[in-house]
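Trainee: Could we go through this structure together, one question at a time, so that I learn how to reason from what is shown?

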Amino acid sequence: MAGAVAAFSPRGLSEFPFRNRALRLYLQAGTYETPYLKGARSTCNLAGASNTVCRLDITDTGHAPLIWQAEWAKALVEAFPSHAGKR
């Protein structure tokens, strides 16, 4: 099982299936993609209630793969924080 998960524009979960696991979530959604933003918020809320670290990054965009490419660097830093800024 992974230690970190990144998801862009997630639909959301009705139940958080990863209780009691050391997991960090990084979710990204745009303000103009309402269903996905709601899904990301609800998933982060469920994760928090399960003591799972969740970071939600909201951008002023819609549902756009080009934005996901730009946000990918942030997701990598979240997934691998010890390597951030090292060369």
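Trainee: Which handedness does the β-α-β unit made by E2, helix H1 and E3 have?

Mentor: Keep in mind from the start that we are looking at a predicted model. The unit takes in strand E2, residues 24–30, then helix H1, residues 34–49, and then strand E3, residues 53–59. E2 and E3 pair in the parallel sense over 7 bridges, and the β-α-β unit that these two strands make with H1 is right-handed.

Trainee: In what order do the 3 strands stand in the open sheet?

Mentor: Begin with the pairings: 5 bridges join strand E1, residues 4–8, to E2, and the two run parallel, while E2 also pairs with E3. E1 and E3 each have a single partner strand and stand at the edges, so one side of each is left without a neighbour in the sheet. From one strand to the next the twist averages 15°, and the order of the open sheet is E1-E2-E3.

Trainee: Which residue in E3 stands opposite Leu 25?

Mentor: It helps to follow the bridges across the sheet, beginning in E1, where Ala 4 has Arg 24 of E2 as its bridge partner. Val 5 is likewise partnered in E2, by Leu 25. On the E3 side, the residue that stands opposite Leu 25 is Cys 54.

Trainee: How many of the 7 residues of strand E2 are buried?

Mentor: A residue counts as buried when its relative accessible area is under 20%. Strand E2 is largely enclosed by the rest of the structure, because the number of its 7 residues that are buried is 6.

Trainee: Which residue forms a salt bridge with Glu 78?

Mentor: Glu 78 is partly exposed, at 27% relative accessible area, and its partner is also partly exposed, at 35%. Glu 78 lies in helix H2 and the partner in strand E3, so the pair ties together parts that are 23 residues apart in sequence. The closest N and O atoms are 3.2 Å apart, and the partner is Arg 55.

Trainee: Which residues do salt bridges that share partners join into one network?

Mentor: A search of the whole structure finds 3 salt bridges, and one of them brings together the side chains of Lys 74 and Asp 57, at 3.3 Å from N to O. Lys 74 lies in helix H2 and Asp 57 in strand E3, so this pair ties together parts that are 17 residues apart in sequence. Lys 74 also forms a salt bridge with Glu 71, where the closest N and O atoms are 3.4 Å apart, and both of these residues lie in H2, 3 residues apart, or about one turn of the helix. The network therefore joins Asp 57, Glu 71 and Lys 74.

Trainee: Is Asp 57 buried or exposed?

Mentor: We can compare its value with the cut-off for buried, which is under 20% relative accessible area. Lys 74, with 36%, is partly exposed, whereas Glu 71, with 7%, is buried. At 10% relative accessibility, Asp 57 counts as buried.

Trainee: How much accessible area does the nonpolar patch on the surface have together?

Mentor: The patch is formed by Trp 72, Leu 76 and Phe 80. Of these, Phe 80 is found in the segment after helix H2, which covers 65–79. Together, the three side-chain-bearing residues named here have an accessible area of about 320 Å².

Terms used
Residues are numbered from 1 along each chain as its sequence is written. This is a predicted model: local features need pLDDT of at least 70, side-chain atom pairs count only at pLDDT 80 or more; totals for chains, interfaces and linings use all residues. Side-chain values use heavy atoms; hydrogens and water are left out. Buried means under 20% relative accessible area, exposed over 50%, partly exposed in between (1.4 Å probe, protein chains only). Helices (H or I, at least four residues) and strands (E, at least two) are DSSP runs, numbered from the N terminus. Two strands pair if DSSP finds at least two bridges between them. A crossover is right-handed if, with the strands pointing away from the viewer, the path from the first strand over the helix to the second runs clockwise. Patches are made of residues with over 30% relative accessible area and no salt bridge: like charges are joined within 9 Å, nonpolar side chains (Val, Leu, Ile, Met, Phe, Trp, Tyr) within 5 Å. Accessible areas come from the Shrake-Rupley method with a 1.4 Å probe; for residues, only the protein chains shown count as cover. A salt bridge is a side-chain nitrogen of Lys or Arg within 4 Å of a carboxyl oxygen of Asp or Glu. Axes are lines fitted to C-alpha atoms, for helices over the stretch in contact, and angles run from 0 to 180 degrees between N-to-C directions.
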